[in-house]
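Student: Before we begin, may I ask you to justify each term that we apply to this model?
Tutor: Certainly; let us set each value against its definition.

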Amino acid sequence: MSLVATSGGGYTSYIVPFEELTVDDVRKIRQEALSALTQMIRDNGKNPADYVVRDLQATDLGYSAPDFTTSVTATGWQQLASLTVPENKFIVIFGFEELSPEPKFTSIKLYNGAKPVAWYDLQKIYGYRTLAGYFEVQRWMPGQVLSISAYASATGTDVPVILGLVAELSGQNIARPGPS
């Protein structure tokens with residue numbers, strides 16, 4: 001399933017609410033993300049078999065704790081993450097899930113360096129029982145700066161989960177699965 005839609009800015013801008021997708025659609029999106037990781041690894045002259053793929057965690061984006069809990073102290077644009085992707089790590093992002101019963105963020109922007117690559121209106125997902133949405137796979141390679149900003153319309157505690165995958169060199173943080 002392709003989720004591509006562009007605005008005048010040339011970046012993707014459409015988020016599909018989770019409840020409008022089938023199980024097969026979600027599988028296809030995750031497969032597209034896995035294929036993107038594999039291709040990025042190959043494009044960097046490395047062997048995908050040397051990498052372990054896992055779900056993106058908050059600590060991958062610079063959070064000090066393993067969850068995405070965020071304290072929102074002011075309204076307006078807030079930086080949720082900014083990091084240079086480490087050597088031997090590849091990141092793809094393909095969705096967003098809001099775990100707070102009272103969401104504080106109404107929009108989210110993804111950047112590759114200083115260039116915005118996506119801007120999503122999160123209010124499109126807030127009318128559904130499951131506050132989650134999927135979008136076109138966005139990619140970051142080692143050495144690229146991944147930044148995420150979100151627009152807060154209220155203050156308080158929020159839990160904006162970024163959905164994605166990480167490929168990292170086996171033995172760095174996780175051992176490659178194999179026979180015991």
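Student: Why is asparagine 88 called buried?
Tutor: Buried means under 20% relative accessible area, exposed over 50%, and partly exposed in between, with a 1.4 Å probe and protein chains only. Asparagine 88 has 13% relative accessibility, so asparagine 88 counts as buried. The model is a predicted one, in which local features need pLDDT of at least 70 and side-chain atom pairs count only at pLDDT 80 or more, while totals for chains, interfaces and linings use all residues. Residues are numbered from 1 along each chain as its sequence is written, and side-chain values use heavy atoms, with hydrogens and water left out.

Student: What makes the phi of asparagine 88 worth noting, and where does this residue lie?
Tutor: Most residues other than glycine have a negative phi. The phi of asparagine 88 is near 65 degrees, a positive value in a residue other than glycine. Asparagine 88 lies in the loop between β4 (76–84) and β5 (89–98); strands (E, at least two residues) and helices (H or I, at least four) are DSSP runs, numbered from the N terminus.

Student: How do you know that β6 and β7 pair?
Tutor: Two strands pair if DSSP finds at least two bridges between them. Six bridges join β6 (residues 105–112) to β7 (residues 115–121), so the criterion is met; the two strands run antiparallel. As one example, the bridge partner of serine 107 is aspartate 121 in β7.

Student: Why are β1 and β2 said to stand at the edges of their sheet?
Tutor: Five strands form an open, antiparallel sheet in the order β1-β8-β5-β11-β2. β1 (16–17) and β2 (51–55) each have a single partner strand, so one side of each is left without a neighbour in the sheet.

Student: What makes the link between glutamine 138 and tyrosine 120 a polar contact?
Tutor: A polar contact is a pair of N or O atoms within 3.5 Å; within protein, one must be able to donate a hydrogen and the other to accept it, and residues adjacent in sequence count only if both atoms are side-chain atoms. The side chains of glutamine 138 and tyrosine 120 are joined at 3.4 Å, so the distance satisfies the limit. Glutamine 138, in strand β8, is buried because its relative accessible area is 7%.

Student: What is meant by a nonpolar core?
Tutor: The term denotes a set of buried Ala, Val, Leu, Ile, Met, Phe, Trp, Tyr and Cys residues joined through side-chain atoms within 4.5 Å. The largest one here has 50 residues, and its largest share, seven residues, comes from α1.
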